[in-house]
Each structure stands twice: as structure tokens, then as C-alpha cells.
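Okay, thanks everyone, I'll keep this short. Let me put the structure up, and then we'll walk through a few bits of it.

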Amino acid sequence: MNREEILELRNTVQKFVRLFGLLEQNVTPCGFNLSPSQVFALQELENKTLTIGELANQLFLERSTVSRLVDSLVKGGFVNRLLNESNRREVLVSLTEKGERSLIQVREQSIQYYGSILNEVSEDSQHQILSGFKLFNDALLKKRSE
């Protein structure tokens, strides 16, 4: 890509972030009453218990940020925080029943929301969108792990 195309890609990604609602602090793009970061944390905890450090690594966030994120989720009743009995310096985080129910709701709302967006383009274009996002994510992951 040349310089102009790279700038166009940057502008397109930034526009996507704004249009999709990822700058919203208290609601997901599909309209659920949690921040995107909170939902991402719940998704990472689905069917498993993680330490704060592991969750921070999965979310590509600092431990202190994830600690505050977990605080808000504990306060909302979405996750449990426990001391690791085998290593008392570690804090373990797991979903509560409310967290599990909320994840199911978010998943259903997001399927409807994404479906309504994808209905605006052809089926072939839908597959191109998916392929493009996968390629871009793979490149981002490769760059982050350098």
C-alpha cells in the first residue's frame, strides 16, 4: 500500500470505531448496558477462571486497568474474585450466574445487531468483510507479538 492508501485505511478504521460505538463507555455496540471492555472481560472468563494477570494478557491491557475493570464487574455482581489458595498473592476471577446470563443476552443481541448490519450488503460482501477482518486481526496480532 502506498502512503495515501495507508492514511485512508487509518481513517476508515477510526470511522469504524466511532460508527460502531466503541468509544461509548457504558454500552456495547449492540445496546447492552455494559462497556465493551466489561463484555470482553466476561467473554474471556466464559467457562474458565483466570488470574488478574492472565485476564490482562488476554485483553492486552495493564494489570491495574484490569483490576479496576474487575472491581466494577464484582460491584455489578457479574464476577467473583477469590484468593488463589495455592498462591495467596494471586487473585482468581470467575463468572457469576448473573455474568453467565448477561453473556448469553449480549451474544443474542450482538447476533441480531451484526445481522442487521450485514443485511445491508450482499452475501459475497459479507464473506469479504469477515475475511478482511480476520486478515487484519492476524496482522495486528503478529505486530503485537514482535
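Quick bit of vocabulary before the strands: two strands pair if DSSP finds at least two bridges between them. And keep in mind that what you're looking at is a predicted model.

So, how many bridges do strand 2 and strand 3 have? Six bridges, and the pairing is in the antiparallel sense. Strand 2 covers residues 79-84 and strand 3 covers residues 87-95. Together, strand 2 and strand 3 make a hairpin, with two residues between them. If you want one pair to look at, take Leu82, whose bridge partner in strand 3 is Leu92.

Right, on to the helices. With two packed helices, you describe them by the angle between their axes and the distance between the axes. For helix 3, residues 52-59, and helix 4, residues 63-75, the axes come within 9 Å and cross at roughly 105°. Anything from 65 to 115 degrees counts as roughly perpendicular, so helix 3 is roughly perpendicular to helix 4. Who makes the contact? From helix 3 you've got Ile52, Gly53, Leu55, Ala56 and Leu59, and from helix 4 it's Arg63, Val66, Ser67, Leu69 and Val70. Sorted by class, that contact has seven nonpolar residues, two polar and one charged.

Last stop is Gln38, over in helix 2, residues 36-44. Is Gln38 buried or exposed? Buried, because its relative accessibility is 14% and the cut-off is under 20%. Leaving aside residues up to four places away in sequence, Gln38 touches Leu69, Ser72 and Leu73. And Leu69 is one of the helix 4 residues in that contact with helix 3.

That's me done, over to you.

Definitions and conventions. Residues are numbered from 1 along each chain as its sequence is written. This is a predicted model: local features need pLDDT of at least 70, side-chain atom pairs count only at pLDDT 80 or more; totals for chains, interfaces and linings use all residues. Side-chain values use heavy atoms; hydrogens and water are left out. Axes are lines fitted to C-alpha atoms, for helices over the stretch in contact, and angles run from 0 to 180 degrees between N-to-C directions. Angles under 35 degrees count as roughly parallel, over 145 as roughly antiparallel, 65 to 115 as roughly perpendicular and the rest as oblique. Contact means heavy atoms within 4.5 Å. Ala, Val, Leu, Ile, Met, Phe, Trp, Tyr, Cys and Pro count as nonpolar, Asp, Glu, Lys and Arg as charged, and the others, Gly among them, as polar. Buried means under 20% relative accessible area, exposed over 50%, partly exposed in between (1.4 Å probe, protein chains only).
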